[in-house]
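Let's take a walk through this model and look at how its parts meet. Have the 3D view open as you read, and pause at each named residue to find it.

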Amino acid sequence: MSTRQPDAAKGGKFRAPLLFAVMAALIVMEGLTTGWDSALVILNMGIISAIMALGLNMQWGYAGLFNSGVVGFTALGGLAPVLISMPPTGGAMSQGGWQILGALLIAVLALVVATKLNHRLHGAARAAGVVAALVIGFVLFRAVFDPAVARVQAINPASQGYLGGLGLPVLLAWPVGAVLAAAAAWAIGKTSLGLRSDYLAIATLGIGEIIVAVLKNEEWLDRGVLNVTGIPRPWPVPYEVDLQADPGFVARMQGWGIDPVTGSTLTVKLIYMGLFGIVLALLLWGAQLALKSPWGRMMRAIRDNETAAAAMGKNVTRRHLQIFMLGAAVMGLAGAMMITLDGQMTPASYNPLRYTFLILVMVVVGGSGNNWGSVLGAVLVWFLWIKAEAWGPEIMNLAISHMSEGPLRQHLFDAAPQMRVIVMGLLLLLVLRFSPRGLLPEK
Amino acid sequence: MDILNAIVAILNYVIVPATTYGAQLALGALGVTLIYGILRFSNFAQGDTMAFGTAITIMVTWGLQSLGIGFGPLPTALLALPFGIAITCALLLGTDRVVYRYYRTVRAAPVILVMVSVGVMFLMNGITRILIGVDEIKFADGARFLISASEFKSWTGLTEPLAIRSTQAITVIVAGLLVWALFWFLAKTRTGKSMRAYADNEDLALLSGINPDRVVTVTWIIAGALATTAGVLYGLDKSFKAFSYFQLVLPIFAAAVVGGLGNPLGAIAGGFIVAYSEVAVTYAWKKVAGYLFPSWDTDSLLQLLSTDYKFAVSFTILIIVLLFKPTGLFKGKAY
Amino acid sequence: MSRGPGMSFLDASNMTGGYGVSDILHDCTLRVEKGQIAVIVGPNGAGKSTAMKAVFGMLKLRGGSVTLDGEDITALSPQERVRKGMGFVPQVNNVFPTMTVEENLEMGAYIREDDYRDTMEQVYELFPILREKRHQHAGELSGGQRQQVAVGRALMTKPKLLMLDEPTAGVSPIVMDELFDRIIEVARTGISILMVEQNARQALEIADTGYVLVQGANKYTDTGAALMADPEVRRTFLGG
């Protein structure tokens, strides 16, 4: 960001390949010591984190917009696989689904009317008109919405009780996730961009929490905390059981001296890796192209001197809204990919520390404004985050080995996995202070 | 129509809890607004500062309890509070010395400081988790009620109860005293005035010989006292859980923005506005309606939003203020 | 003109320097005698405010020196110069807007350990309107009143030299005349005044010494009356 540190990029043109080699070595070491399954789990989630980080880098790195609601955009993207790929719940639409959609339409109409009145009327009439539109809209909405929701949630509540999806291929859900997140970003950006930078940070914190709250509580939509499981896999990822039942696959694995069960799990993860890798590569290519385009140069010019850019006739707020939506769309895409990988939607697992602030650490550590840096930072920080949970107790064990058995020792041992939170805080602070341009500085 | 019972129901389920919650939010928002006014950034670590201060206070409380020291009918935590404040202030001053001071000297942009405060948030969050864990902890002892429901019913003969928990009374009294002391300090003392001068016009304050280090030190001490007290009062009233303290950042920020960032009086007003709206919107008004309009039969709970969406209320207020009056109700700094 | 260096009360000699690589001031000299008024005038961008800031230590000098009452203060920070007896009234943002008039004056006296009530009384006598409005927020006052608060705030340290950066910017002609009258009164109490002014004609009328700066260097230096009488100065800088 604006704290420039020209001599940070030591190592010249070998710096990036070297750091990526270190990253690869870490993954390989994990494979050799703990196992390839574990290494691939980390890598796949690392790639998804890298995509989230790319999205955040567009907002923070290109434009200096502080988004503290990444968790919300990711979660909203994660809703897409449920809506697109799950089979529709029989009778849900006729029981109340259409009515719910009608209620949502009423809500939107009420907002539109309120906005229009806000523009047209003045003085006391304006306030009265807006409030009246909202109150009437709300009452109508609830009157239509509540009974419909009750009926939908009554359908086979143990395994359904929600609208279900469209039963379409899950790959379609990825762009849909991006669109959902971008729409939320539009709404939030419209209200809080153009004000103090802190206001966007506060407003996004709010939208993040609210999106997660909606996903946790609206059972008709995604079963809430009851979770949606069994989200179908995307083409071309096979199921392990099918592979194990395939004599050709089993023979090939045995030929390579690999246990067919282990082989099947590794195969599935490798295919996911390939799929995610393609998406990441495409995004990275596009992001690099955008960054180097006149549009990207203008974005950075605005970031570095907003006043001057505004004086040159650039509509700063409009540009910011664009990039904010674009970044959110990438986060939504990553969110949809993550739910596809997990095969289930568990709204209660969306924790801001993990899905907002950790992504922020990834971007800053990797190098704000540098796309390759975000990818590198994401995989490295994700690796550290996972491993630190295991290392914490090991280090603590060494530290307290001389202590006598007792409640304090037990407490310290139990608390050791939390050390990684401190590690992340320290990492963020150290990078911000001593190397504000990160591992791979922006050019 | 039974107006008396309706009023008591409103008092019991809306006014009393919202006043308590509002006092807690007001203290938190005061901390945010002071830091914003003087150090010029939105402190994302506020919730975790509250959690840290409360965790220390709980640990001291346990220590006092194990020594058999109590505070009579009052919660032991009030005895432990000064220790919690002292240690929290020490941590904040240490953080300022090691972390924030550098960014002041290089005059970093506010958004960089917000990012830095996220790092501090991580640190404090981690320290709190290691100190006291992630589970819910209840630490209120002493007398349970100032007015208990059954006492109230037998005194008044009303069907509707009114209970005031002692923690609710303590919250309002302690918060009131603290706010009074803070405003007295800011209005009457030389140091307090110098803080306001620094917030108002930093360059002119420096020109007048006001020592910025001293202003910043005092600000952190006050912020530590406010955050710890707010956290302990909230924990006494409800319970302590590190994550729910982190989540308090949203209503606290909303309160500070609604009142006008940088304006202490606004922070207090904002705290109560947010608290009253939150409680009123998530309360099921069916009972009150039953007293007022006995003939009106409805199976709706008359609850505008479920309590799961209480943060949506803070958020909505925040958005309304951003849309219509970005400087807040009491003039703050919006740009 | 037999003044040697070090003899004037304020002696800022041969100041050279600027903010970045290029210098704004070139060998610029400003002197003020005890209880007298010196005015800096000149075209826009002549470095008038910069020269004043250099005297106050807000600009790093590459060459030259500043002495006050015979003491070399070239190396001191602005805050230290305030303690040495300099008072400075910036052109803008020169009050604490959400503090009352009285609190503004108190903040002016922040570095004083002694009883400053007498000084406050003097300020109120000089600017009676401030006494009337002493419990009002400075930000709610009119432009002219705000300038009085700003001057009053600077007077609270009992400065020996008061520096004013365009005190009449943006006020009406009537208010300007009144402000100049007050400034003369301040000078009569023995305080030296150094002032940058856009309204050159009116300012030179009250000036004991006038400095015409052009491109950061002294162009003309003389008494205010002499400069007003100089046809060359009149033609080029005073608009005929």
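## Salt bridges and polar contacts between the two domains of chain A

How many salt bridges are there between domain 1 of chain A and domain 2 of chain A? The count is 0. Keep in mind that this is a predicted model, and that goes for everything below. Polar contacts do turn up here: 6 residue pairs across the interface of domain 1 and domain 2 of chain A are in polar contact, both residues having pLDDT 80 or more.

Helix 8 of chain A, residues 219-222, gives the largest share of the domain 1 side that touches domain 2, with 4 residues. Sorted by class, that side of domain 1 of chain A has 6 nonpolar, 2 polar and 4 charged residues.

## Where the two domains sit

So where do the domains begin and end? In the domain assignment of chain A, domain 1 comes in two pieces, 6-88 and 164-434, and domain 2 covers 97-163. Taken over C-alpha atoms, the centres of domain 1 and domain 2 of chain A are 33 Å apart. Their contact uses 12 residues from domain 1 of chain A and 13 residues from domain 2 of chain A.

Together, the two domains of chain A bury about 890 Å² between them, and carbon and sulfur atoms give 56% of that area. Which three residues of domain 1 supply more of its buried area than any other three? They are Gly164(A), Trp220(A) and Arg223(A), which supply 74% of what domain 1 of chain A buries against domain 2.

## Chains A and B

Now zoom out to whole chains. Among the 2 pairs of chains that touch, chains A and B have the most contacts. Here 53 residues of chain B meet 53 residues of chain A. The area buried between chain B and chain A is about 4700 Å², with 75% of it on carbon and sulfur atoms. On the chain B side, Met115(B), Phe122(B) and Ile130(B) supply 17% of the area buried against chain A, more than any other three residues.

What about charges and polar groups? The interface of chain B and chain A has 0 salt bridges, while 8 residue pairs are in polar contact there, both residues at pLDDT 80 or more. Several helices of chain B give two or more residues to the side that touches chain A, among them helix 3 (76-105), helix 11 (249-259) and helix 14 (310-324). Helix 4 of chain B gives the most, with 19 residues. By class, the chain B side that touches chain A has 44 nonpolar, 6 polar and 3 charged residues.

## Chains B and C

Next, turn to the other side of the story. 17 residues of chain B are in contact with 19 residues of chain C. Chain B and chain C bury about 1700 Å² between them, and 54% of that lies on carbon and sulfur atoms. How many salt bridges are there between chain B and chain C? There are 2. To see a salt bridge for yourself, find Glu106(C) and Lys193(B), where the closest N and O atoms are 2.4 Å apart.

The interface of chain B and chain C also has 8 residue pairs in polar contact, both residues at pLDDT 80 or more. On the chain B side, helix 7 (190-200) and helix 8 (202-207) are the elements that give two or more residues. Helix 7 of chain B gives the most to the side that touches chain C, with 6 residues. That side of chain B divides into 7 nonpolar, 5 polar and 5 charged residues.

And chains A and C? They do not touch, and their nearest C-alpha atoms are 18 Å apart.

## A few backbone oddities

Most residues other than glycine have a negative phi, and most peptide bonds are trans. With that in mind, look at the bond from Trp235(A) to Pro236(A): this peptide bond is cis, with omega near 5°. Pro236(A) lies in the loop between strand 1 (228-229) and helix 9 (240-245) of chain A.

Two residues to check for phi come next. Asn227(A) is not a glycine, yet has a positive phi of about 70°, and its place is in the loop between helix 8 and strand 1 of chain A. Lys158(C), also not a glycine, has a positive phi of about 50°. You'll find Lys158(C) in the loop between helix 6 (143-155) and strand 7 (161-165) of chain C.

Terms used
Residues numbered from 1 in each chain as written. Chains lettered and ligands numbered in written order. Predicted model: local features only at pLDDT ≥ 70, side-chain atom pairs only at ≥ 80, totals over all residues. Heavy atoms only, no water. Domains from an automatic or database assignment. Contact = heavy atoms within 4.5 Å. Buried area = accessible area lost by both parts, 1.4 Å probe. Salt bridge = Lys/Arg side-chain N within 4 Å of Asp/Glu carboxyl O. Polar contact = N/O pair within 3.5 Å; in protein donor to acceptor, adjacent residues only side chain to side chain. Nonpolar A, V, L, I, M, F, W, Y, C, P; charged D, E, K, R; others polar.
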